[in-house]
Amino acid sequence: MDYTFHWARMFTGEPAQWMWEGFCTTMQISTISLICAMILGVIICVMRMTPFKPFKWFSLAFTEFFRNTPLLVQIFFWYNASSFVIPKVINDWMNDLYYWFPGPFTLFGHHFAGEWMLFNVELFMGIIALTVYTSAFIAEEIRAGIFSIPKNQLEASRAVGLSFLQGYRYVILPQALRIVIPPLISQALNLIKNSSLVMVLGVTDLMYQATQIESYHAMPFEAFTVALLIYLAISLVVSFCITMYNKHFMIQVMY
């Protein structure tokens, strides 16, 4: 096979600009989705633990549905169902929303001036799909952490006058979240890697930009190798930061 490598071209001009834009989009999608998934996961978990039957049934159906269907199918579902599930006013608002792309600075010889970028419906649907999919797994991880806490703690919180929700908020959830930090790290890393699937909607993330470089600059090996290394670097940095935080700041819970 006669193939000439062009590594230097990946770090100059248009390929460098595209990879940087893809990196920023990937980080944006991953960060927003992770925050929303954590919030939604806690809500679904608490609903699953309540004695109110409709809440339990809804949370059970939610976790079983989204955990047992492929993420790629869910992405297409949310995208095609957006006009039916989401009111037209919100759809129009999403299509007119902009965000600030970082700048000005120079990277690999290319100048980024900074500009307002369109935050379109495809990006929103990708975030929604990643959020609901990941939140189903997070809810189950937190529920497992809650089951590891002695039941008498919730009973004691009720005995001192706390309501069911107050007992979970002030007593149970703080301990459960400390216990489930390692599996939550795994879910965060899975979300970052799963974010590459939103390229099927035309979202210009890191994977999409790598395919663009392959098509327009005929550098498939270089483009996907750089994308692979960037995903690896993001995952290692996230894992290291959360592990250090857990080691130095989290109180060890032992029973």
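Q: What makes the contact between glutamate 140 and arginine 67 a salt bridge?
A: In this predicted model, the N to O distance between their side chains is 3.8 Å, and the cut-off is within 4 Å for a side-chain nitrogen of Lys or Arg and a carboxyl oxygen of Asp or Glu. So the pair counts as a salt bridge. Glutamate 140 sits in helix H5 and arginine 67 in helix H2, 73 residues apart, so this pair links distant parts of the chain.

Q: How do you know that glutamate 140 and arginine 48 form a salt bridge, and which parts does the pair tie together?
A: Their closest N and O atoms are 3.0 Å apart, which is within 4 Å, so the pair qualifies. Glutamate 140 lies in helix H5 (residues 121–147) and arginine 48 in helix H1, so parts that are 92 residues apart in sequence get tied together.

Q: What about arginine 143 and glutamate 140: where do they lie?
A: Both are in helix H5, 3 residues apart, about one turn of the helix. Their closest N and O atoms are 3.2 Å apart, again a salt bridge. Through shared partners, salt bridges join Arg48, Glu64, Arg67, Glu140 and Arg143 into one network.

Q: Which of these is buried or partly exposed: glutamate 140, arginine 48, arginine 143, arginine 67?
A: Buried means under 20% relative accessible area. Glutamate 140 has 18%, arginine 48 has 16% and arginine 143 has 17%, so those three are called buried. Arginine 67, at 32%, counts as partly exposed.

Q: Why is cysteine 45 called buried and cysteine 36 partly exposed?
A: Cysteine 45 is at 1% relative accessibility, so it falls under the 20% limit for buried. Cysteine 36 is at 32%, which lies between 20% and 50%, so it is partly exposed. As for disulfides, the structure holds 0.

Q: Why is alanine 218 called exposed, and what is its phi?
A: Its relative accessibility is 53%, and exposed means over 50%, so the label fits. Phi of alanine 218 is near 55°, a positive value in a residue other than glycine. Most residues other than glycine have a negative phi. Alanine 218 lies in the loop between helix H9 (206–217) and helix H10 (220–248).

Q: What makes tryptophan 7 partly exposed, and where is it found?
A: Its relative accessible area is 34%, between the 20% and 50% limits, so it is partly exposed. Tryptophan 7 is found in the segment before helix H1 (13–49). Together with Phe5, Phe11 and Phe221, Trp7 makes a nonpolar surface patch of about 400 Å².

Note on methods
Residues are numbered from 1 along each chain as its sequence is written. This is a predicted model: local features need pLDDT of at least 70, side-chain atom pairs count only at pLDDT 80 or more; totals for chains, interfaces and linings use all residues. Side-chain values use heavy atoms; hydrogens and water are left out. Patches are made of residues with over 30% relative accessible area and no salt bridge: like charges are joined within 9 Å, nonpolar side chains (Val, Leu, Ile, Met, Phe, Trp, Tyr) within 5 Å. Accessible areas come from the Shrake-Rupley method with a 1.4 Å probe; for residues, only the protein chains shown count as cover. Helices (H or I, at least four residues) and strands (E, at least two) are DSSP runs, numbered from the N terminus. Buried means under 20% relative accessible area, exposed over 50%, partly exposed in between (1.4 Å probe, protein chains only). A disulfide is a pair of cysteine sulfur atoms within 2.5 Å.
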